[in-house]
Amino acid sequence: MTDAEEQPVPDWEEVARTYGRFLYTVAYRLAGNHEDAQDLAQEVLLRVRRGLETYKPGSMEGWLSRITTNVFLDEVRRRRRRPQDALPDDPDRVVPPAPGADVALAEQTLPEDVQAAITALPDEFRVAVVLCDVAGQSYQEISESLGVPLGTVRSRIHRGRAILRESLARP
Amino acid sequence: MTGHLGEALSALVDGQLASDDEAAALDHLAGCDECAAELASVTAVRNLVRALPPVEPLRPLVALPVEHRRPSRLAGMLAAAAAMVAMLLLSGVQPDAGTGPQVAQLVQVHTTSPVNADPMSQLAPAALPVSFTR
């Protein structure tokens, strides 16, 4: 690795080639379906191509994760303004379970079930959990990406996991 | 550390606690079944999410503006054009290089004749799009 200061702004095709799968996986876990994931990844690459996102030399995964999150949250806000295609997971309707609820997870949980539970999370929790457990970001990185304090990141990840546990519990 | 660990359990399992806090949390865990059970539960959920496989895009990734899947004007025009071609095909008119004179002729017939004036083909005048007369 050369001096971080001398890294050029990445070329979108190079990004797509080298980090396409990472980018798409994060987009898919956030969006929950291929159609939205494709749009999300496409918009991220467009922003990279147009130089709309300032590139801070360092972790390419961290940079892409941040852009993907921003695009995702922009899209969520856009849909909220248009009630006809509002997302089904309005966070106001979701009541987080009591902490410490003793719920056993099903022994065999299918990836589709895990994805469905992630997709059903309120956006703020979903973003935090995906950044942590799919994109592999540290709390500090997530805090910077989302522009929220470290304590908020910690809380969102934990509450997100608590809701996932409830969703995935044996009926 | 006082009280149960709560949110600190996620931070603990993610290795995101400062070393002092981590030591205190581990101390607490050693004597608290409730927190130990919740730690196991949080860890199980975390592992499930982390075990999800990578996802491959269905189409090659591109860097182009995203259309928001509302029926656009262009889509409407394309649909109209497709319908027109289908009409021409059904009426026996071939939309190829030889179409020009035929269509022009039919337009001539259509525009210079009263309705249903063509005794040979009832279809030909009816199948002509209005736009050809302009």
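Begin by selecting residues 12–31 of chain A, helix α1, in this predicted model: the helix has 20 residues, yet its end C-alpha atoms are only 21 Å apart, which falls short of the 28 Å that a straight helix would reach at 1.5 Å a residue.

Where should one look for a departure from a straight path? Select A:Tyr19, at which α1(A) bends by about 80°. A:Tyr19 is also one of the buried residues of this helix.

Next, colour the buried positions of α1(A), which comprise A:Val15, A:Ala16 and A:Tyr19, then A:Leu23, A:Tyr24, A:Thr25, A:Val26 and A:Ala27, and finally A:Tyr28, A:Arg29, A:Leu30 and A:Ala31. To see what covers them, display the surrounding helices of chain A, among them α2 (34–50), α3 (60–81), α4 (111–119) and α5 (123–133).

Then step past the end of the helix to A:Gly32, the residue that follows α1(A) and whose phi is positive, near 90°.

Now widen the view and colour chain A by its domain assignment, which gives domain 1 as residues 1–87 and domain 2 as residues 95–171. The contact between these domains takes 13 residues from domain 1 of chain A and 15 residues from domain 2 of chain A. On the side of domain 1 that touches domain 2, the elements of chain A to select are α1 and α3, each of which gives two or more residues, and α3(A) gives the most, with eight residues. Coloured by class, this same side of domain 1 of chain A shows five nonpolar, five polar and three charged residues.

Technical notes: Residues numbered from 1 in each chain as written. Chains lettered and ligands numbered in written order. Predicted model: local features only at pLDDT ≥ 70, side-chain atom pairs only at ≥ 80, totals over all residues. Helix = DSSP H or I, 4+ residues; strand = E, 2+ residues; numbered from the N terminus. Expected span 1.5 Å × (residues − 1). Bend = angle between axes of the 7 residues up to and from the residue. Buried ≥ 20, exposed ≤ 12 C-beta atoms within 10 Å, placed from the backbone. Contact = placed C-beta atoms within 7 Å. Domains from an automatic or database assignment. Nonpolar A, V, L, I, M, F, W, Y, C, P; charged D, E, K, R; others polar.
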